[in-house]
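Trainee: Could you take me through one part of this model in detail, the parallel strand pairing, and then show me how the rest of the chain sits around it?

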Amino acid sequence: MKRIAIFASGAGSNAAKIIEYFSTRNTIEVAVIVCNKPDAGVLKIAADHDIPTILIGKETFFRGDAYVAELKSLNIDFIVLAGFLWKIPQQLIAAYPNKMINIHPALLPKYGGKGMYGNKVHETVIANKEKESGITIHFVNEHFDEGEHIFQATCSIDETDDAATLAAKIHLLEHEHFPKVIESVVDEKN
Ligand code: GRF
C-alpha cells in the first residue's frame, strides 16, 4: 500500500473523487490532505472521510523545510496536487523526485504558467475561440506547469459554451481520469 498526500486549496471535488476511488482498492491510501486555506471546502471533505489534514503556513512552506520532515514522518510516498496554487519549493521537489504530479485544466503547453488558474484559464480559452480544451496531468518541476506530461484528454468547445460550462466539462474529465492516472503512475514509480 502506497501512501499519498493530496495538496488542495479549493472545493476539493478532485480530492473527493480520488479518496472515493482508492477507498475500494488496496493499492493506494490517501494518508493526508495538505491545504493552505483554513476555509477551503476540501477540509470538510477530509473530515467527512476521517483523513488527517495539515494546514500549512507560508513561513514554513517557503522559508522553512517546506513540511518535508512532516511528510516523511507520515511515510508519504507520493504527492498529488489537485487545485493547489502555491508554487512548490525546490526543497519539496527534491524530496519527491518524479513523485509529485499536478493536474491542469487546459491542454498545456498552452494556457499554463503563473496566474493561469481557475476561471481565468477557461475565459482565456473561450476568448481565443479555441475549438477544444482539456486536461493535462504532468510531473511537477520548479517551473509552473512545465514538468513532463503524463496524460491529456480533450473536450470540444461549442459556440454556446462559456467559462462556466467549459469548467464543468473539464471537471468531468478530471474526475474520470485523475484517479486512474495516479494509480498507474504510482505503480510505475514505486
Ligand atoms: C481543477 O480544475 C484543477 O485542474 C485545478 O484546480 C481545480 C480544482 O478543483 N488545478 P477542485 O477543488 O478539485 O474541485
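Mentor: Sure, and let's fix the vocabulary before anything else: two strands pair if DSSP finds at least two bridges between them. The strands themselves, like the helices, are DSSP runs numbered from the N terminus, with at least two residues (E) for a strand and at least four (H or I) for a helix. Keep in mind that this is a predicted model, where local features need pLDDT of at least 70 and side-chain atom pairs count only at pLDDT 80 or more, while totals for chains, interfaces and linings use all residues. Residues are numbered from 1 along each chain as its sequence is written, and side-chain values use heavy atoms, with hydrogens and water left out.

Now the pairing. Strand E1 (residues 2-7) runs parallel to E2, and 6 bridges join them. One place to look is Ile4, which stands opposite Val30 in E2. E2 covers residues 28-35, and 7 of its 8 residues are buried, so the rest of the structure largely encloses this strand. Buried here means under 20% relative accessible area, exposed means over 50%, and partly exposed is in between, using a 1.4 Å probe and protein chains only.

E1 also pairs with E4, again in the parallel sense, over 4 bridges. There you'll find Phe7 opposite Leu81 in E4. Leu81 turns up again on the way to the next strand: E4 and E5 (residues 100-104) pair in the parallel sense over 3 bridges, and Leu81 stands opposite Asn102 in E5.

What covers E4? In a regular strand the side chains alternate between the two faces of the sheet. Both faces of E4 are covered, with Phe78 and Val80 buried on one side and Ile79 and Leu81 buried on the other.

Just before E4, in the loop that links helix H4 (68-73) to strand E4 (78-81), sits Asp77. Asp77 has a relative accessible area of 22%, so it counts as partly exposed. Its C-alpha is 24 Å from that of Glu59, and the two are 18 residues apart along the chain.

One loop further back, between helix H3 (58-63) and H4, comes Ala66, and Tyr67 lies in the loop between H3 and H4 too. Check the backbone there: phi of Ala66 is near 60°, positive in a residue other than glycine, and Tyr67 has a positive phi of about 65° although it isn't a glycine either. Ala66 is buried at 1% relative accessible area, and Tyr67 is buried at 13%.

Past E5, the loop leading to helix H6 (119-127) holds Pro109. The peptide bond from Leu108 to Pro109 is cis, with omega near 15°.

Zooming out, the chain has 7 helices and 7 strands, in the order β-α-β-α-β-α-α-β-α-β-α-β-β-α. Its radius of gyration is 16 Å, close to the 16 Å that the globule rule gives for 190 residues, so the chain is as compact as a globular protein of that length. That radius is taken over C-alpha atoms, and the rule is 2.2 Å times the number of residues to the power 0.38. Buried residues make up 49% of the 190. Of the contacts (heavy atoms within 4.5 Å) with a separation of 6 or more, 66% are between residues 24 or more positions apart.
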